[in-house]
Amino acid sequence: MSTDRDPLAVEDASAPSPEEAAPAEPGEPGDAASPAAPADDTGAGTDGGGREAEDGPREERSPRERPAPAAEAGSGAGAGAGAGAGASGGGRSAAAEALAAAVRAVESGERPAASFFTGPSGGRRAAGAPAPGSGASPRPERAAAPAPTAAAAPAPPRPALHISAEGLDGVRQVLTAGGAPETLAGQVVGVLGEQAAETLRDDPWQLLAVPGVRPEQADGFARALLGPECGPGDERRGQALVGWLLERAALAGHTVLEASVLRTALGKQSVPEPDEALQSALAEGSVLVFQEVLETPGAARPEPDGSEAEVPVRLLLGLDRYAMAEESLADGLARLISTLGAEPAPAAAEAGAAADGGGDGQEAGADSGADSPTDSGPASPEAAPGTGSGAAAPDWEAAAAAAPSPSAGELIRAVAASGLVTHSGGEAARAEPLALVLAARALGLRACAAAHTEDGKRRLVALGDPEAVTVAGLLSGQEGPGRDAEGSLALDVLAVLDAPQLDVETAAMLVESLTDGTRLVLSGDPGVLWSAGPGRVFADVVAARACPAVVSRTPDAGPIGELVSGIGVGELTTVDAPGKEVVIVPVRDAGEAVHRTVQLVADSVPRAIGVPADHTQVITPGHGGAVGTRALNAALKERLNPGPGRFGGFDPGDRIAYVPAPGRMVPGTVVSADAAGLRLDCAGSPVVVPPERVGEMVRHGWAVTAHQAAGTRWPAAVVVLPGDAAQELTRSWIYTAFSRGERHLSVVHGVDQALPRAVAEIPAKERTTRLRSLLRAPQSEA
């Protein structure tokens, strides 16, 4: 089962060399994880659009729980950081002993977690929520919305940090002295700033902050600079490794890790005193500690006054960046819910269980609670005032009655009564949130539909909404209605499609941009892979049952829709495909898999299905290996567009995957190149990538991973399942890959029984997050 996987394993089976690790696969965690993989592409997801979310509403977020021992020892724990103290064999500090005792006492049940925390047990309250027993109604205060930021935009690459030639030479000298390649100088300055040279001399392990650098490389660099005084127990090494491990966990989707997992991982990196390393990182403030109640099925939740027996909890540690984003997101969602007074978790629709197919991927609702109806429904639509400029309340009931489908009507009624609604469904169900947006505009409200990708936006336009936008374009101000005088998005209703692709930082920025009274719909297919960045926002919101959850009863039609619907509920069935909509191509080894893939794309699919090669997308589990994206792209380029690669490995006509920001892939084609950079055509939009950014932002795109393909569909898809990927397949990966083809799906099948086993037994790779418990906390305290 997937629960045995290493939670720190990055979802990419390939582990590039240090020279290529940073630029090789930008913004993409991959899709196949190897528990033994040491580093992988650690540059992905470390500098996405969430930096602005971190800078904006930080002051408005709630205080965090911190253990009393760490708070008391904070000033002294790091005092010897620059002295190289703490070499192997040295005794642990009192602060480290205190942290170790706290963690172990809580995990063993010897002492209640509340005794080690300054905050309340079970997590923090949402901002603005009343204290337990106060009798006041929770109504979070409105946090200031972040101003529009160009960094969230999809187009121009960020400018390089300006540093003097003398400063850059100083970094090169330090790198050379430590045996590291001078070519890392630019990245080092970008991460550590203008004082990078001085920083590295004082703490060589800061090199771990550079994407692609692994611990053994940082250790060698430190030994070359520090000499004999360098040891595995150096306090600076422990601090750097804690941050590196948490950043690596974020690449795998985690926003936090259990303390026990971090201790074990530090031990594997030869840290002699893992608890002391954790304490040092906590005292520094870059790592935060939280407690979370472990819920037992069927057990009653504790009363707010603590009258019941103590419940088991776990201690979680996370980087400030992701912890703040997750808390900001929880606060913002609670604010939207409270401003319209919605009832939590009304019925998802009893009729949905009886519908054929029930919408793609609805088995995921079993984990999220979306398929567990309650007796209470949303408040009367007429009781919820509109937020438009008109004086009269919108007639939501009339809009629901005129909806094009029962599921669309149900969604409109839910949105009428709640500031936050989740909507689950497959490709055909995308018409339902769009029907809501169009109905809201007809009622005089400012409404918008936003997709994750340009292709998702294109599909919304094809369904009848020429005003559809992408989430990145909406946040940057390049698309959509813009912002009001206070910096909030000028919207009354926002429907976000492809919501499973939202990471916590993007979601936090989006929610903080919505003013009180705005109605937000998070819509998506729960069967697809989660976001490329950290978090599982959509699944956590549904699982928290803090808002109405609508499950579409509109199934996807055709053989591909039938196949994918079965996969979503854990069944791999044989479907009737008279028009060769689904074709299985068995292969015996990697060489045959590559040969058959090229044959399908270049010859078979165009001849038998009528879909040209440039409209057929190859999807494979990872980047490396004999049948990864690199190998497949090389073979496909040789057949479809041979050339010398005179523009940094690219030729005019090459299909590419352009990554303007971590987690976002835009398909395109190389047009030309000149002194300004590589010129691309991305869905009709011209893009120029500066020469120094080509290796980081552009790669060949005939073959991509399922994570890169999520949110985009092509007329035909060829999914390659090589034998070495058998242990890495999950239901969500298969569901995502198989659902990318609109008219045709070919499966190059080399994994034998691993395919049905993954569909039936391995739903998804687990992620450790806090959003679900943060959203549930206000409900338990109310």
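How many of the five residues of strand S5 (residues 447-451) are buried? In this predicted model, five of the five are buried, and the strand is mostly covered. The cover extends to both faces of S5. Ala 447, Ala 449 and Ala 451 are buried on one side. Cys 448 and Ala 450 are buried on the other. This division follows a general pattern. In a regular strand, side chains alternate between the two faces of the sheet.

S5 also has strand partners. Strand S7 (residues 493-496) runs parallel to S5 and is joined to it by four bridges. Within this pairing, Cys 448 stands opposite Leu 494 of S7. Strand S6 (residues 469-470) pairs with S5 as well, again in the parallel sense, over two bridges. Here Ala 451 has Thr 470 of S6 as its bridge partner. Between S5 and S6 the chain passes through helix H18 (residues 454-463), forming a β-α-β crossover that is right-handed.

An open sheet of three strands shows antiparallel pairing, in the order S1-S3-S2. Strand S1 (257-258) and strand S2 (287-293) are its edges. Each has a single partner strand, so one side of each is left without a neighbour in the sheet. Seven antiparallel bridges link S2 to strand S3 (residues 313-319). Phe 290 has Leu 316 of S3 as its bridge partner.

The largest nonpolar core contains 46 residues. Leu 175 and Val 188 have the most contacts inside it. Helix H9 (residues 235-251) gives the most to this core, with eight residues. Leaving aside residues up to four places away in sequence, Val 188 touches Val 171, Leu 175, Gly 193, Ala 196, Leu 200, Leu 207 and Val 210. Another core, of 38 residues, lies apart from this one. Among its members are Ala 325, Leu 329, Val 541 and Leu 774.

Both Val 171 and Leu 175 belong to the buried set of helix H5 (residues 165-177), together with Gly 170 and Val 174. Why do these residues line one face of H5? Seen down the axis of H5, the buried residues fall within an arc of 135°, so they line one face of the helix. The general geometry is familiar. An α-helix has 3.6 residues a turn, so residues three or four places apart point the same way. Cover for the buried residues of H5 includes helix H6 (185-192), helix H7 (196-202) and helix H8 (215-226). On the other side of H5, Ala 165, Glu 166, Gln 173 and Ala 177 are exposed.

The span of H5 can be checked against its residue count. At 1.5 Å a residue, its 13 residues should span 18 Å. The end C-alpha atoms are 18 Å apart, which agrees. Just after H5, Gly 179 adopts a positive phi of about 80°.

Positive phi values also occur in residues other than glycine. Lys 580 has a positive phi of about 60°. This lysine is placed in the loop between helix H22 (558-568) and strand S10 (582-586). For Asp 752, phi is positive and near 55°. Asp 752 lies in the loop between strand S19 (741-749) and helix H28 (754-761). Is Asp 752 buried or exposed? Asp 752 has a relative accessible area of 61%. The cut-off for exposed is over 50%, so Asp 752 counts as exposed.

Terms used. Residues are numbered from 1 along each chain as its sequence is written. This is a predicted model: local features need pLDDT of at least 70, side-chain atom pairs count only at pLDDT 80 or more; totals for chains, interfaces and linings use all residues. Side-chain values use heavy atoms; hydrogens and water are left out. A nonpolar core is a set of buried Ala, Val, Leu, Ile, Met, Phe, Trp, Tyr and Cys residues joined through side-chain atoms within 4.5 Å. Buried means under 20% relative accessible area, exposed over 50%, partly exposed in between (1.4 Å probe, protein chains only). Contact means heavy atoms within 4.5 Å. Two strands pair if DSSP finds at least two bridges between them. A crossover is right-handed if, with the strands pointing away from the viewer, the path from the first strand over the helix to the second runs clockwise. The expected span of a helix is 1.5 Å times one less than its number of residues. The arc is that of the directions from the helix axis to the C-beta atoms.
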